[in-house]
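Have your viewer ready, with a cartoon view and a way to select residues by number. We will go stop by stop, and each stop tells you what to pick.

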Amino acid sequence: MRCPYCGSLDTQVKDSRPTEDSSSIRRRRVCPDCAGRFTTFERVQLRELTVLKKSGRRVPFDRDKLMRSIEIALRKRSVDPERVERMVNGIVRQLESQGDAEISSDRIGELVMEGLRSLDDVAYVRFASVYKNFREARDFGAIVDELAGDEGPGEKPRREPVSGGA
Ligand SMILES: [Zn+2]
């Protein structure tokens with residue numbers, strides 16, 4: 001496995017164990033060249049999927065790409081990588097188990113929003129703002145209202161009231 005930091009091919013597995021739900025094997029790796037540490041997951045792939053983009057173009061479904069966009073939304077949020085992994089597994093399973101091997105990018109976006117919503121509010125808003133291409137503050141307001149109405153478990157972070165124009 002190539003080191004994501006320095007590109008060295010000589011990385012070593014330090015630890016290997018199944019994730020909590022046993023759907024993947026999690027491997028902690030270390031790079032002897034730059035001492036970089038990273039984690040990889042080995043998992044089952046049930047079927048090949050094709051993504052139908054809004055432009056009409058078809059591209060092979062790329063789990064890593066999906067993971068990267070989720071990681072961007074989760075930047076600097078302290079969410080256990082294993083929970084993220086489980087969420088992505090859940091999304092991929094749902095996509096794989098639907099009738100059609102071709103999925104719209106919209107469908108993927110919806111599933112990611114659903115998943116992030118229960119994982120981290122901030123990441124959810126970030127992802128939604130990109131995915132829905134929101135430009136105006138009132139759109140964020142609508143999302144925050146939606147979140148406030150959520151009766152999921154756990155405490156909701158307090159939000160500063162937005163000061164109106166005065
Ligand atoms: Zn390295």
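**Stop one: one side of a helix.** Select Ile108, Val112, Gly115 and Leu116 and show them as sticks: these residues of helix 3 are buried. Now turn the view until you look straight down the axis of helix 3. Where do its buried residues fall? They sit within an arc of 95 degrees, so they line one face of the helix. A reminder that helps here: an α-helix has 3.6 residues a turn, so residues three or four places apart point the same way.

**Stop two: the whole of helix 3.** Extend your selection to residues 105–119, which make up helix 3. Its 15 residues reach 21 Å from the first C-alpha to the last, close to the 21 Å expected at 1.5 Å a residue. This is a predicted model, so keep in mind that such values are computed from predicted coordinates.

**Stop three: what covers that face.** Add helix 1 (63–73), helix 2 (81–97) and helix 4 (121–131), then strand 4 and strand 6; the cover over the buried residues of helix 3 includes these elements.

**Stop four: the sheet.** Hide the helices and colour strand 4 (residues 50–52), strand 5 (58–60) and strand 6 (102–104). These three strands form an open sheet in the order 5-4-6, with mixed pairing. Strands 5 and 6 are the edges, each pairing on one side only. From one strand to the next, the twist averages 35 degrees. Zoom in between strand 4 and strand 6: they run parallel and are joined by three bridges. To see one, pick Leu52, whose bridge partner in strand 6 is Ser104. Bring helix 3 back, and you will find it packed on the sheet, touching strand 4 and strand 6, with its direction at about 65 degrees to that of strand 6.

**Stop five: the whole chain.** Zoom out and count five helices and six strands. Along the sequence they follow the pattern β-β-β-β-β-α-α-β-α-α-α. Of the 166 residues, 15% are buried.

**Last stop: confidence.** Colour by pLDDT. The average for the protein is 82, and 80% of the residues score at least 70. Which parts mark the two extremes? Strand 1 (residues 12–18) has the highest confidence, at 94, and helix 5 (residues 137–148) the lowest, at a mean of 58. Then select residues 151–156: the pLDDT there is below 50, and beyond near neighbours in sequence the stretch has one contact in the model. Where pLDDT is low, the predicted coordinates should not be read in detail.

Conventions
Residues are numbered from 1 along each chain as its sequence is written. This is a predicted model: local features need pLDDT of at least 70, side-chain atom pairs count only at pLDDT 80 or more; totals for chains, interfaces and linings use all residues. Two strands pair if DSSP finds at least two bridges between them. Helices (H or I, at least four residues) and strands (E, at least two) are DSSP runs, numbered from the N terminus. Axes are lines fitted to C-alpha atoms, for helices over the stretch in contact, and angles run from 0 to 180 degrees between N-to-C directions. Two residues are in contact if their C-beta atoms, placed from the backbone, lie within 7 Å. pLDDT is the predictor's confidence in each residue, from 0 to 100. The expected span of a helix is 1.5 Å times one less than its number of residues. A residue is buried if 20 or more other C-beta atoms lie within 10 Å of its own, exposed if 12 or fewer, and partly exposed in between; C-beta atoms are placed from the backbone. The arc is that of the directions from the helix axis to the C-beta atoms.
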